[in-house]
Amino acid sequence: HALDHEVYLGLNLRNLALAREQGFDEVIAPCAACYHRLASTAFELAKDEKLAQKLQNDTGINYDHYVKVRNVLEFFAKDIGLDAIARKVKKPLRGLKVACYYGCLNTRVPRMEPFDDIDYPMSMDRILEAAGAETLTWSYKTECCGASLFLSSEQTSAKLVAKILHDAVARGADCIAVACPLCHNNLDTKQNTWRKEFNIASPIPIIFFTQLMGLALGLDEKALKLSKCFVPFSWRPEMSVT
C-alpha cells in the first residue's frame, strides 16, 4: 500500500472476489491490518467505478462490490451482542484486571464510518466486561506498537512497545487483551528482553480477547493454547473475587 497503490488494491480485490465466488457477502477480519486493508479497498472500489473497472480489466478478476468487511470486535459487540455473550458465561472472569489494547488501526479506517470511538474505543472492554472481567482505564489502548517495523526496525518497535507495557503494568493489569496477531507478536515475543532493557517492573501476559472469552464460556486452557505465549497466562475461577 505504501509503494504501489494499484497493486495493493488488486491483491485485496482478489481476496474480496474469492469470498464472493464462494457465496459470502461478508468477511470478518480478526487482524487490525487485514481489516484496514480489506475495508479500505472495498470502500475505495465502491466509490470509484472507473478504478474498479480498470483493476478488473488489469487483473482479469470480476468483482461485484457486494462484500462487506467486518471488524471482529464489531461482530461480537453488535452482531452477537453483549447480552447474548453474558448469558453464555459459565466461569465469569471476576477479579481479572484487563488492559484492552486496540492498536492504531482497528478503529481508524480513513473516510469510513467507524464502528467505535477512534480515540478511546470501548467495544473490547464491553465484550470482556460481559465475560465478567474488570477492564482498566489506561493511556495506550490505541497507541502504535510498531506493526511491521518489528521486522525492519526492531528498536523503533521496542520503544513503542515498552511504553505500552509500562503503562499496563503501572495500572495493575493482570494481562493485556489484543485483537490482532501482529500486535500480539510485538507485545509478547520479545517482552522478556525488552523488559530488562526498558526497566519494566514485571512480565504481563498478552492474550487474544477471544481466548479470554473462551475461558469465560468454559473452554479448557489447553484448548485455548494459553501456555503457548512467550509470557504464559493462567486463570483459575477460584482466583476471582465473589
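Q: At what angle do helix α1 and helix α3 pack in this predicted model?
A: The model is predicted: local features need pLDDT of at least 70, side-chain atom pairs count only at pLDDT 80 or more, and totals for chains, interfaces and linings use all residues. Residues are numbered from 1 along each chain as its sequence is written, and side-chain values use heavy atoms, with hydrogens and water left out. Helix α1 covers residues 5-21 and helix α3 residues 49-59 (helices are DSSP runs of H or I with at least four residues, strands runs of E with at least two, numbered from the N terminus). Their axes (lines fitted to C-alpha atoms, for helices over the stretch in contact, with angles from 0 to 180 degrees between N-to-C directions) are 10 Å apart, and the angle is about 75°.

Q: Is α1 roughly parallel or roughly perpendicular to α3?
A: Angles under 35 degrees count as roughly parallel, over 145 as roughly antiparallel, 65 to 115 as roughly perpendicular and the rest as oblique. The α1 and α3 angle is about 75°, so α1 is to α3 roughly perpendicular.

Q: Which residues of α3 make the contact with α1?
A: Contact means heavy atoms within 4.5 Å. From α1 come Glu6, Leu9, Gly10 and Leu13. On the α3 side the residues are Leu51, Lys54, Leu55, Gln56, Asp58 and Thr59.

Q: Which residues of α3 are met by α2?
A: α2 and α3 pack at about 110° with axes 5 Å apart, so α2 too is roughly perpendicular to α3. In α2 the residues are Glu44, Leu45 and Lys47. They meet, in α3, Glu49, Leu51, Ala52 and Leu55.

Q: Is Asn71 buried or exposed?
A: Asn71 is found in strand β2, residues 68-71. Buried means under 20% relative accessible area, exposed over 50%, and partly exposed in between (1.4 Å probe, protein chains only). Asn71 has 0% relative accessibility, so it counts as buried.

Q: Which residues does Asn71 contact, leaving aside its neighbours within four places in sequence?
A: The neighbours within four places are set aside here. One of those left out is not far along the chain: the side chain of Asn71 reaches the backbone nitrogen of Leu73 at 2.8 Å. The remaining contacts are with Ala29, Tyr35, Asn106 and Phe115.

Q: Why is the pair of Tyr35 and Phe115 given its class, and what is that class?
A: The structure holds four aromatic pairs (rings of Phe, Tyr and Trp, its six-membered ring, with centres within 6.5 Å; planes under 30 degrees apart are stacked, over 60 edge-to-face and the rest tilted). Tyr35 is in helix α2 and Phe115 in the loop between β3 and α5, 80 residues apart. Tyr35 is buried at 5%, and Phe115 is buried at 11%. The ring centres are 6.3 Å apart and the planes at 80°, so the pair is edge-to-face.

Q: How many residues apart in sequence are the parts that Phe76 and Phe209 tie together?
A: The rings of Phe76 and Phe209 have centres 5.8 Å apart and planes at 85°, so this pair is edge-to-face. Both residues are buried, and ring pairs link them with Phe75 into a cluster. Phe76 lies in helix α4 and Phe209 in helix α10, so the parts tied together are apart by 133 residues.

Q: Which elements do the buried residues of α10 pack against?
A: Seven of the eight residues of α10 are buried, among them Phe209, Leu212 and Leu215. These buried residues pack against α4, β3, α5, β5 and β6.

Definitions and conventions
A polar contact is a pair of N or O atoms within 3.5 Å; within protein, one must be able to donate a hydrogen and the other to accept it, and residues adjacent in sequence count only if both atoms are side-chain atoms.
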